[in-house]
Amino acid sequence: MIRFGLTGGIGSGKSTIVALFQKSGYPFFDADAIAKQLLDKDTEVRAAIQAQFGEDIYSGGKLERAKLASRAFCSQDKQAILNRIVHPATENYFKKVFQELEAAGELALLVEASMLFEADTAQRYTHIIVVTADESVRLQRAMQRGLQSEADIKRRMRMQMPEAEKCRRAHDVVINNGNLRELVSAWETLWEKLCARYQIPLVNPLRERLV
Ligand code: ATP
């Protein structure tokens, strides 16, 4: 089973590529969403988070995300501590899920992980795709969503690995400085190349069985 990993900085176009990938019918996972679930529900993860970031980080049984963000994203050391707690739990989760999907006869899947390299998970994947765009373009796109301030976005950008380093480590890079039509075309070209390289159909042959 081919395990594709997709990463890129804030506003680079990961979610847009995921939407295009999902047309193929192969399974998709959002590593950030899985990590969030584990932070909320996994008892060992919760205990370790409280020990490192304060008892009050859960309130009424719920993780206070803003508190965790302010305490964990204030330095690379703190972020590394957070990664060391969340990483083994997500690793176990993916190990189990990959085994189940392989046993079910799946040929490929894609995981989107914004911190794929930072969390040291590259070895989980057969093939890593980085989507990137110039910082000014990413900032403008991220701000257009109106969810975070410019200062917040810039702070998070500084915590992420530089784009050039991600591109150096990737098996393939999608440059997303153009319009959406150009991104669609770049993705379609890449997907055809990947399917040919790994000898998998463009559309999941199990799809009809699953829906
Ligand atoms: P984040 O990590 O911040 O969640 P992301 O990498 O998932 O971001 P997207 O959500 O795919 O990035 O893209 C950010 C915003 O930019 C979205 O509103 C998306 O529709 C838009 N966008 C992405 N690519 C393009 C493009 N080529 N042209 C115009 N808008 C784009």
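Colleague: Helices here are DSSP runs of H or I with at least four residues, and strands are DSSP runs of E with at least two, numbered from the N terminus. How many helices and strands does the protein chain have?

Modeller: The protein chain has 10 helices and 7 strands. Residues are numbered from 1 along each chain as its sequence is written. This is a predicted model, where local features need pLDDT of at least 70, side-chain atom pairs count only at pLDDT 80 or more, and totals for chains, interfaces and linings use all residues, while side-chain values use heavy atoms and leave out hydrogens and water.

Colleague: How compact is the protein chain next to a globular protein of that length?

Modeller: As compact as one, because its radius of gyration is 18 Å, close to the 17 Å from the globule rule for 211 residues. That radius is taken over C-alpha atoms, and the rule is 2.2 Å times the number of residues to the power 0.38. The C-alpha trace spans about 50 × 40 × 30 Å along its principal axes.

Colleague: What share of the 211 residues is buried?

Modeller: 45% of them. Buried means under 20% relative accessible area, exposed over 50%, partly exposed in between, with a 1.4 Å probe and protein chains only.

Colleague: And contacts? What share comes from residues 24 or more positions apart?

Modeller: 75% of the contacts with a separation of 6 or more. Contact means heavy atoms within 4.5 Å.

Colleague: Charges next. How many positive and negative side chains are there?

Modeller: There are 30 positive and 27 negative side chains, with the centres of the two sets 2 Å apart. Lys and Arg count as positive, Asp and Glu as negative; His and the chain ends are not counted. Each charge is placed at NZ of Lys, CZ of Arg, CG of Asp or CD of Glu.

Colleague: On to strand 6. Why is it largely enclosed?

Modeller: Strand 6 covers residues 127–132, and 6 of the 6 are buried, so the rest of the structure largely encloses it. H127, I129 and V131 point one way, I128, V130 and T132 the other.

Colleague: Which strands flank it? Start with strand 1.

Modeller: Strand 1 (residues 2–7) pairs with strand 6 in the parallel sense, over 4 bridges. Two strands pair if DSSP finds at least two bridges between them. L6 has I129 as its bridge partner in strand 6, and G5 has I128. Strand 7 (residues 172–175) also runs parallel to strand 6, joined by 4 bridges. There, T132 stands opposite I175.

Colleague: What else does strand 1 pair with?

Modeller: Strand 5, also parallel, by 5 bridges. R3 stands opposite L109 there. Strand 1 is largely enclosed too, because 5 of its 6 residues are buried.

Colleague: R124 caught my eye. Where is it, and is it buried or exposed?

Modeller: R124 sits in the loop between strand 5 (108–112) and strand 6. It is buried, at a relative accessible area of 5%. Beyond residues up to four places away in sequence, R124 touches R3, H87, T90, E91, F94 and F98.

Colleague: What about I10? What does it touch?

Modeller: R138, A142, I153, R156, M157 and Q160, not counting residues up to four places away in sequence. I10 lies in the loop between strand 1 and helix 1 and is buried, with a relative accessible area of 11%. I10 and I153 are 143 residues apart in sequence, yet 7.6 Å apart in space, C-alpha to C-alpha.

Colleague: R138 and A142 are helix 6, right? Which of its residues are buried?

Modeller: In helix 6 (residues 135–144) they are V137, R138, L139 and A142. These buried residues pack against helix 7 (150–159) and helix 8 (163–169). Just after helix 6, G146 takes a positive phi of about 70°.

Colleague: Last one, V18. Where is its place?

Modeller: In helix 1, residues 14–22. V18 is buried, at a relative accessible area of 6%. Neighbours within four places in sequence aside, V18 contacts L6, F28, L110 and E112.

Colleague: How far is V18 from L202?

Modeller: Their C-alpha atoms are separated by 15 Å, with the two positions 184 residues apart along the chain.
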